[in-house]
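Hi,

Here is the structure I promised to pass on. Have a look first, and then read on for my notes.

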Amino acid sequence: QSLGRSTAAITGTLTSVDVLATVTVAWSETDHGAEADAWENQIVLENQTNAFRASLSELKEDTLYQFRVWVENEMSADVTPEALSFRTLTEDDPSTSNVMEYLTVSEFMYNPNNTADSWRLEYLEIKNVSRDLELDLRDLIVTVLDRRLSPAFEFLDILLSDDPVLRPEEIAVIVSDEAAFRENYGMEPRILGSWWTPSFDAGRLLDSFDGMPDDGGVIALRLKGANEPFLEFNYSDREPWSDLADGNGWSLVRIDGSNDPAEVASWRPSTGSPGTSSDDPNIAEALESLWVSEISREVSNEFIELVNIGESDISLEELSIAGGSFEFDFVNSSVENLEPNARVLVVRDRDAFPAEIQPQIAGEFNNSIVDEPDHIIIAMSGLALHEFRIRAAGWPTDEHPIVEVLNPPLRSDLSIGE
């Protein structure tokens, strides 16, 4: 038996493994005897071999139930000689409170690429942040609302998963289209289920699905039988939320599981990395201490300068800078590590800089930043550390082509440099 507050799963093994059998599971608060038709609730499972699983739902919380099992095949018919029993869980049950305490949303992709089939690549990543407790998710309900608080869809089929238990620190996903997800992202992480199942009649699709709301919505997690969610937050395609996640191929990653998911600062755009963790100590250090300190769009002197304002070294191996048609990947950098208070530059033309600056130059980006790309994105392992819109007020102009950060770590408080 696997138990929840309003659900239960009755499983068993069949002795005649090579013969198809019909299994009937009946349940009630009292025993109604050996005749299945006398029971008020029953599930009939046909063509069973080896083992069976009956998923019971809409049960009362903290209630003792009786049940019997009938197995019939072409050779025999059997019933459990006496009624068996189970008791559903309560809200105060440790397994229930553990889910509410340790389950979180760690990443979601709500609008991959603005195409008609974009929703097929959408996913919601959840994580067990406990280091030693398993979480049984059979009672989990995931609801997505649009901006008008109308339900877009609900996902309640984790009970149908072969394994609805999330191991300590395990990450899993709920997806729109399992086949499309696997084709695009590979065989990891584990998929708990899909929130859309296509129905066909003579090859014609009977229903349609638009996926998660593209213009913003509400994501809520609650347990069956509960009136209020234990986790709920809004997202949007409008400022201060990043528009990189709105049809530009980026997801949103929660950078620290202890942060409030309702706060925009708790989320960073990512190139889409379901199943991977943003808990890498180097990423955490870079989020806190790696800052853009100066940008020059002067034609003969283009550069972007970064500074480590922290107290620990930062590895630059997984760092990248991109915007418009220019990019630089630190995999090819001549500066692999940034010590505390040290600075590093990425430039357009290394020869334009004096000898004393050369050791600080990581390399050359492949194109000019004079052409005003929409964004400058500094990312590490696909996670955006900084995102600047170059059209914002105070950005470099022909008259004042250099900007610098005053009093870091004001993340993007750029002012005209002297």
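**What turned up**

Leu316 has a relative accessibility of 0%, so it counts as buried. Before going further, do keep in mind that this is a predicted model. You will find Leu316 in the loop between strand 25 and strand 26. Its C-alpha sits 7.0 Å from that of Leu338, and the two residues are 22 apart in sequence.

The loop that holds Leu316 is also home to Glu318, which falls between strand 25 (314–315) and strand 26 (319–323). How exposed is Glu318? With a relative accessible area of 45%, Glu318 is partly exposed. Glu318 also belongs to a patch of negative charge on the surface, where it gathers with Asp280, Glu317, Glu327, Asp329 and Glu336.

On to the salt bridges. Searching the whole structure gives 9 of them, and here are some notes on Arg68, Arg131 and Arg167, which each form one.

- Arg68 pairs with Asp31, and their closest N and O atoms are 3.0 Å apart. This pair links distant parts of the chain, 37 residues apart: Arg68 is in strand 6 (residues 64–72), while Asp31 is in the loop between strand 3 (21–28) and strand 4 (41–48). Arg68 counts as buried because its relative accessibility is 8%, whereas Asp31, with a relative accessible area of 38%, is partly exposed.
- Arg131 pairs with Glu169, with 3.9 Å between the closest N and O atoms. Arg131 lies in the loop between strand 10 (123–128) and strand 11 (135–136), and Glu169 in the loop between strand 14 (165–166) and strand 15 (171–175), so this salt bridge ties together parts that are 38 residues apart in sequence. Arg131 is exposed at 73% relative accessibility, and Glu169 is partly exposed at 46%.
- Arg167 pairs with Glu134, the closest N and O atoms being 4.0 Å apart. Again the pair links distant parts of the chain, here 33 residues apart, with Arg167 in the loop between strand 14 and strand 15 and Glu134 in the loop between strand 10 and strand 11. Both are partly exposed: the relative accessible area is 33% for Arg167 and 49% for Glu134.

If you put Arg131–Glu169 and Arg167–Glu134 side by side, you can see the loop between strand 10 and strand 11 paired with the loop between strand 14 and strand 15 in each case. That spot is worth a look on screen.

There are also a couple of serines to visit. Ser293 is part of strand 23 (residues 290–296), and it counts as buried because its relative accessibility is 6%. Which side chains does the side chain of Ser293 touch through polar contacts? One is that of Glu305, at 2.6 Å, and another is that of Arg343, at 3.3 Å.

Ser236 is in strand 20 (residues 231–236). At 16% relative accessibility, under the 20% cut-off, Ser236 counts as buried too. A polar atom of the Ser236 side chain lies 3.0 Å from the backbone nitrogen of Arg238, so here the partner atom belongs to the backbone.

That's the tour. Shout if anything looks odd when you open it.

Cheers

How values were computed
Residues numbered from 1 in each chain as written. Predicted model: local features only at pLDDT ≥ 70, side-chain atom pairs only at ≥ 80, totals over all residues. Heavy atoms only, no water. Helix = DSSP H or I, 4+ residues; strand = E, 2+ residues; numbered from the N terminus. Buried < 20%, exposed > 50% of the residue type's maximum accessible area, 1.4 Å probe, protein only. Polar contact = N/O pair within 3.5 Å; in protein donor to acceptor, adjacent residues only side chain to side chain. Patch = residues over 30% accessible without salt bridge, like charges linked within 9 Å, V, L, I, M, F, W, Y side chains within 5 Å. Areas by Shrake-Rupley, 256 points an atom, 1.4 Å probe, with all protein chains shown as cover. Salt bridge = Lys/Arg side-chain N within 4 Å of Asp/Glu carboxyl O. Lys, Arg positive; Asp, Glu negative; His and termini not counted. Charge placed at Lys NZ, Arg CZ, Asp CG, Glu CD.
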